[in-house]
Structure formats: C-alpha cells, structure tokens
Amino acid sequence: MELLDMFIEDTEKELSEMQDALETANYMQLRHIIHKAAPLWGMIRINVPLNELEEMASLSSEKWCKELDARIKRLMGAVEQAVKKAKEFLIHSSSSTPLQ
C-alpha cells in the first residue's frame with residue numbers, strides 16, 4: 001500500500017501545481033508536469049488516451065496556449081478520478097478483514 005500512498009501524495013501535488021500553472025497561464029510549467037507524469041498516468045490508464053497524453057507531453061512551447069485549457073482541464077479531471085479510486089481502494093482494503 002505504500003506505493004499507492006506515494007502515488008496519491010505525488011499526484012495530488014502535481015494536480016495542485018497544474019492548477020496553479022493553469023491559472024497563471026504558465027504553459028511551460030504545465031508541459032513540464034505533464035511530461036514528467038505522463039508515463040505513470042498512461043500506465044494506470046487514466047481516462048485520457050495515451051496518444052493524447054504523449055502529444056501534450058511533447059508539444060513545443062510555441063504550441064501551448066489558452067486553446068489547450070479545455071484539454072488540460074479534462075486531463076486534470078481524469079487524474080483526479082484516478083486519485084479518488086486509489087483512495088477508495090486504500091479505504092476498502094484497510095477495512096477488509098484478513099483471512100485466517
């Protein structure tokens with residue numbers, strides 16, 4: 001469960017940083033966060049196609065603009081759902097009685 005705790009903690013931090021970057025239109029910071037997190041998000045199969053994640057992670061700085069805000073918000077929503085599911089899993093697994 002330690003790995004899942006780390007995922008939740010790291011991802012919540014990344015989501016907070018993404019929100020701050022989105023509010024200030026700091027697209028370079030958004031690109032950096034997505035580039036760093038995309039492999040993990042792809043592995044856990046968030047509700048965003050892998051090719052879209054890879055595209056966002058590799059966009060050049062000139063292509064980042066307000067027009068991407070809707071895609072970024074959708075990505076953030078999908079990541080938030082993954083965190084929510086991870087938390088629910090931890091709660092459920094910690095309340096389960098081990099077999100004896």
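These legends accompany an overview and several close-up views of a predicted model of one protein chain.

**Figure 1. The whole chain is built from 4 helices and 0 strands.**
Let us start with the overall picture. Following the sequence, the pattern reads α-α-α-α. Along its principal axes, the box filled by the C-alpha atoms comes to roughly 60 × 25 × 20 Å. Of the 100 residues in the protein chain, 34% are buried. Among contacts with a separation of 6 or more, 65% link residues that are 24 or more positions apart. For a sense of the predictor's confidence, the mean pLDDT of the chain is 87, and 94% of residues reach 70 or more. Comparing the elements, helix 1 (residues 2-23) has the highest mean pLDDT, 93, while helix 3 has the lowest, 85.

**Figure 2. Helix 1 packs against helix 4.**
Here the two axes lie 10 Å apart, and the packing angle is about 155 degrees. Since angles over 145 degrees count as roughly antiparallel, helix 1 is roughly antiparallel to helix 4. In the contact of this pair, 15 residues are nonpolar, 2 are polar and 6 are charged. The crossing of helix 1 and helix 4 is left-handed.

**Figure 3. A close look at E14, a residue of helix 1.**
Is this glutamate, E14, buried or exposed? E14 has a relative accessible area of 10%, and the cut-off for buried is under 20%, so E14 counts as buried. Its surroundings are worth a look too. Leaving aside residues up to four places away in sequence, E14 touches I33, K36, A37 and W41. Helix 2 spans residues 27-43, and W41 is also one of the helix 2 residues that we meet again in the contact with helix 3.

**Figure 4. A25 in the loop between helix 1 and helix 2.**
This view is one for anyone who likes to check backbone torsions. A25 has a phi near 55 degrees, which is a positive value in a residue other than glycine. With a relative accessibility of 33%, A25 counts as partly exposed.

**Figure 5. Helix 2 alongside helix 3.**
The axes of helix 2 and helix 3 come within 8 Å, crossing at roughly 155 degrees. That angle makes helix 2 roughly antiparallel to helix 3. Helix 2 passes helix 3 in a left-handed crossing. Which residues of the two helices make the contact? From helix 2 come R31, I34, H35, A38, W41 and G42, and from helix 3 come L50, L53, M56, A57 and S58. Sorted by class, these residues of helix 2 and helix 3 are 7 nonpolar, 3 polar and 1 charged.

**Figure 6. R45 in the loop between helix 2 and helix 3.**
Here is another torsion to inspect. R45 is a residue other than glycine with a positive phi, near 60 degrees. R45 is exposed, with a relative accessible area of 74%.

**Figure 7. Helix 3 (residues 50-58) meets helix 4 (residues 69-95).**
Within 12 Å of each other, the axes of helix 3 and helix 4 cross at roughly 125 degrees. Helix 3 is therefore oblique to helix 4. Helix 3 passes helix 4 in a left-handed crossing. On the helix 3 side the contact involves E52, L53, E55 and M56, which meet R71, I72, R74 and L75 of helix 4. By class, the contact of helix 3 with helix 4 holds 4 nonpolar residues, no polar ones and 4 charged ones. Two of the helix 3 residues here, L53 and M56, also take part in the contact of helix 2 with helix 3.

**Figure 8. A close look at R74, a residue of helix 4.**
Zooming in on one participant of the previous view, we find R74 partly exposed, at 41% relative accessibility. What does R74 touch, not counting residues up to four places away in sequence? The residues touched by R74 are N47, V48 and E52. Of these, E52 belongs to helix 3. R74 and V48 are 26 residues apart in sequence, and their C-alpha atoms are 8.1 Å apart in space.

Technical notes: Residues numbered from 1 in each chain as written. Predicted model: local features only at pLDDT ≥ 70, side-chain atom pairs only at ≥ 80, totals over all residues. Heavy atoms only, no water. Axes fitted to C-alpha atoms, helices over the stretch in contact; angles between N-to-C directions. Parallel < 35°, antiparallel > 145°, perpendicular 65-115°, else oblique. Left-handed = near helix turned anticlockwise from the far one by under 90°. Contact = heavy atoms within 4.5 Å. Nonpolar A, V, L, I, M, F, W, Y, C, P; charged D, E, K, R; others polar. pLDDT = per-residue confidence, 0-100. Buried < 20%, exposed > 50% of the residue type's maximum accessible area, 1.4 Å probe, protein only.
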